[in-house]
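Trainee: I am new to this structure. Please take me through its aromatic rings and how each label is earned.

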Amino acid sequence: MEPYKKSNEEDKNDIKAGRIIGTLERIIMLFFINICQYSSIGLVLTAKSIARYDKISKNQSFAEYYLLGTLLSTISVLIISLI
């Protein structure tokens, strides 16, 4: 019996959803920076982490990918907000 594997279509949907979530995350963080609500940025990042907790805790390579993406996203928003 073959172990369960996602179909390519499901992978594509996950990637599309991840891109949309990332874009919304950056927009929301930029909005909070512009209104000087810096602590609210932590809520955005926490909500994202809670939603992905199960996958992060079980898959180390995904956790590293997730952390890198989140840090790059946050840095890009900070740079944009300074311009």
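Trainee: What makes lysine 55 count as lying over the face of phenylalanine 62?

Mentor: This is a predicted model. In it, lysine 55 lies over the face of phenylalanine 62, at 4.6 Å from the ring centre. The distance limit for a charge over a ring is 6 Å, so 4.6 Å satisfies that part of the rule.

Trainee: How many aromatic pairs does the structure hold?

Mentor: There are three. In one of them, the ring centres of phenylalanine 62 and tyrosine 65 are 6.4 Å apart, with 40 degrees between the planes.

Trainee: Why is the pair of phenylalanine 62 and tyrosine 65 called tilted?

Mentor: Rings pair if their centres lie within 6.5 Å, and 6.4 Å meets that. Planes under 30 degrees apart would be stacked and over 60 edge-to-face; 40 degrees is neither, so the pair is tilted.

Trainee: Where do phenylalanine 62 and tyrosine 65 sit along the chain?

Mentor: Both belong to helix α4, residues 60–82. They are three residues apart there, which means a separation of about one helical turn.

Trainee: How do you know whether phenylalanine 62 is buried or exposed?

Mentor: Its relative accessible area is 12%. Buried means under 20%, so phenylalanine 62 is buried. Tyrosine 65 has 62%; exposed means over 50%, so tyrosine 65 is exposed.

Trainee: What makes phenylalanine 62 and tyrosine 66 a tilted pair?

Mentor: Their centres are 6.2 Å apart and their planes 35 degrees apart. The centres are within 6.5 Å and the angle is between 30 and 60 degrees, so this pair is tilted. Both residues are buried.

Trainee: Which residues form one aromatic cluster?

Mentor: Phe62, Tyr65 and Tyr66.

Terms used: Residues numbered from 1 in each chain as written. Predicted model: local features only at pLDDT ≥ 70, side-chain atom pairs only at ≥ 80, totals over all residues. Heavy atoms only, no water. Phe/Tyr/Trp six-rings, centres within 6.5 Å; stacked < 30°, edge-to-face > 60°. Helix = DSSP H or I, 4+ residues; strand = E, 2+ residues; numbered from the N terminus. Buried < 20%, exposed > 50% of the residue type's maximum accessible area, 1.4 Å probe, protein only. Lys NZ or Arg CZ within 6 Å of the ring centre and 35° of its normal.
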